[in-house]
Amino acid sequence: MAVGAHDLVDYRQALRRHAIATLPQSFEDSFGSARLDLWPALESPLMPQGTKRVCYPGRSERKGGLVKYVSGLRCRECGRDYPVAPEHVCEHCFGPLEVAYDYEAMRAGITREEIERGPRTMWRYASLLPAPEDRVVDLAVGFTPLRLAPRLAAELGLSKLWLKLDGANPTHSFKDRVVSVAAAAARSFGYDVLACASTGNLANAMAAHAAASGMRSVAFIPSDLESGKVAATSIYGGRVVALDGGYDDVNRLCAELSGSKQWAFVNVNVRPYYAEGSKSLAFEVAEQLGWRYPDAVVVPMASGSLFTKMAKGLRELHRVGLVEAEPRTIIHGAQAEGCSPIAAAFLAGFEEVRAVKPNTIAKSLAIGNPADGYYALKEARATGGKIAAVSEASVADGVRLLARTEGVFTETAGGVTIATLEHLVRAGSISPNDETVALITGIGLKTIEAFGDAGPTDSGPPSLDAVERIFEEAPL
Ligand SMILES: Cc1ncc(COP(=O)(O)O)c(C=O)c1O
Ligand SMILES: [Zn+2]
């Protein structure tokens, strides 16, 4: 690879921005001393024997296939095109690769009627996702309820608030969406092992999809995860490796491992496909509102991927002609103060995210070095969204507020979303008349530790007298 001094500067910037979270330590060290000859070591992650770089045939060759509109991978930085393969980093500038589509063909070929005739799962949007039809691991993910929340709306002073209840997914979080797409892509590439670096929910989803498709699985997690999340991974029979360190350490290790193992790390080497799964949340919200856009959405952020894909999904609906109006939805991001690198950069006006060491009750959002933070910042600034951080104490309050007003028990990440929604309404960033959607991305039973005081409110012997006394002392 011929490299000039100017390119080197660009490489460095791109590396810092996008790849540092996932490149192996050894590579980063080498890159620091400009030894670009080491790059080829990263160029071809080990693929299963017989994997071809162009695995997704074009539309004419694969009629009816779910990948008929995928044209390849494209670098988000330099725009270079790549064939479809289990790769995620541009070999020219280290920018992240993203799935590219033939939008003209989509516009001509996809209709609302076809989607509405589809299954009541995320696979009704199969033609908008990069997953080959014959490889889908169908756990009936998605098409989760979009429910009005009048009591919470009244308490916050909003006229119309919707909850997108993604805890209704098979493993009770939105991560089922990304894993469904990643698993299909992994199978099409010939992998028989799924792996991931996870803050908990992803491991649950990955292990379940592996079990249901007869694949083996390996989940790498930080050792301090909530016990519910660990049990909800190991129950599926795969390997669960707890590492002493935070998610960022686990993620870096997985990036290194992906260079030596023939495993599909759903959020590393097949990340371009994985990330696209989040768009299904945007598609569902628009369809469930009658093929129109809300005014505002509040999205919890860890890597920032869900945030960027929410925006991309809404834009694509217009681009392929499924929603006539241009999207004008303002997308707001939610973080907890104990891990708020994207919110901090947003408030400081920085273009780049500075990594932090997480210390938050919202463990599923504890990513200190967010891979998509840079793009999330750009997206928020372009569309007028805010990215806010709420206090650690307000996270559990947010969970309780949602439970008390709407009968929904969300996990700490959902508490971050509700607390941020409240903050944004109070600050005037969301107006009373903005039709707003809060993404409730997981369930509370997985983070029960955060509500240790949520035991019985009263207790006593099993006699009428005792119960009468209880309600005399503290009437209902
Ligand atoms: C429940 C929940 N919500 C939101 C997120 C944030 O996802 P992302 O990493 O795409 O920002 C996560 C990530 O693990 C999560 O577990
Ligand atoms: Zn590039």
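In the predicted model, Gly167 is in contact with His172, Ser173, Thr410, Ile440, Gly442 and Ile443, leaving aside its neighbours within four places in sequence. Gly167 is found in the loop between β5 and α7. Burial was assigned from the number of C-beta neighbours, with 20 or more inside 10 Å as the threshold; Gly167 has 24 and therefore counts as buried. The C-alpha atoms of Gly167 and Thr441 are 5.8 Å apart in space, although 274 residues separate the two in sequence.

Thr441 also belongs to the surroundings of ligand 1. Of the 19 residues around this ligand, those that come nearest are Ala302, Ser303, Ser364, Thr441 and Gly442. Gly442 is thus listed both there and among the contacts of Gly167. By residue class, the shell around ligand 1 divides into 8 nonpolar, 9 polar and 2 charged residues. Two helices, α8 (201-213) and α13 (305-319), each supply at least two residues of the shell, and α13 gives the most, with 3 residues. Ligand 1 lies between domain 1 (146-172 + 278-451) and domain 2 (175-274), because both give residues to its shell.

The largest nonpolar core comprises 139 residues, of which Ala182 and Met206 touch the most other members. Helix α7 (residues 175-188) gives the most to this core, with 8 residues. Domain 1 (146-172 + 278-451) and domain 2 (175-274) both contribute residues, so the core, like the ligand, lies between them. In general, nonpolar side chains tend to be buried together in soluble globular proteins. Not counting residues up to four places away in sequence, Ala182 touches Val266, Val270, Tyr273, Tyr274 and Gly277.

Helix α12 (residues 279-288) is largely enclosed by the rest of the structure, since 9 of its 10 residues are buried. The buried residues of α12 are Lys279, Ser280, Leu281, Ala282, Phe283, Glu284, Val285, Ala286 and Glu287. Their cover includes the strands β4 (146-148), β5 (161-165) and β13 (436-440), together with the helices α7, α11 (271-276) and α13. Helix α7 therefore appears both in the cover of α12 and as the element that gives the most to the largest nonpolar core. Helix α13, likewise part of the cover of α12, gives the most to the shell around ligand 1. After α12 comes Gly290, with a positive phi near 90°.

Two sets of strand pairings were examined. Strand β11 (residues 330-336) and β12 run parallel and are joined by 4 bridges. In this pairing, Ala336 has Val390 of β12 as its bridge partner. Within β12 (residues 387-390), Ile387 and Ala389 point one way, whereas Ala388 and Val390 point the other way; all are buried. The bridge partner of Ala336 is thus a buried residue.

Elsewhere, 3 strands form an open sheet in the order β2-β1-β3, with antiparallel pairing. Its edge strands, β2 (81-82) and β3 (97-101), each pair on one side only. The pairing of β1 (residues 70-75) with β2 is antiparallel and extends over 2 bridges. Leu73 has Tyr82 as its bridge partner in β2.

Conventions: Residues numbered from 1 in each chain as written. Chains lettered and ligands numbered in written order. Predicted model: local features only at pLDDT ≥ 70, side-chain atom pairs only at ≥ 80, totals over all residues. Near = placed C-beta within 6 Å. Nonpolar A, V, L, I, M, F, W, Y, C, P; charged D, E, K, R; others polar. Domains from an automatic or database assignment. Core = buried A, V, L, I, M, F, W, Y, C linked by C-beta atoms within 7 Å. Buried ≥ 20, exposed ≤ 12 C-beta atoms within 10 Å, placed from the backbone. Contact = placed C-beta atoms within 7 Å. Pairing = 2+ DSSP bridges.
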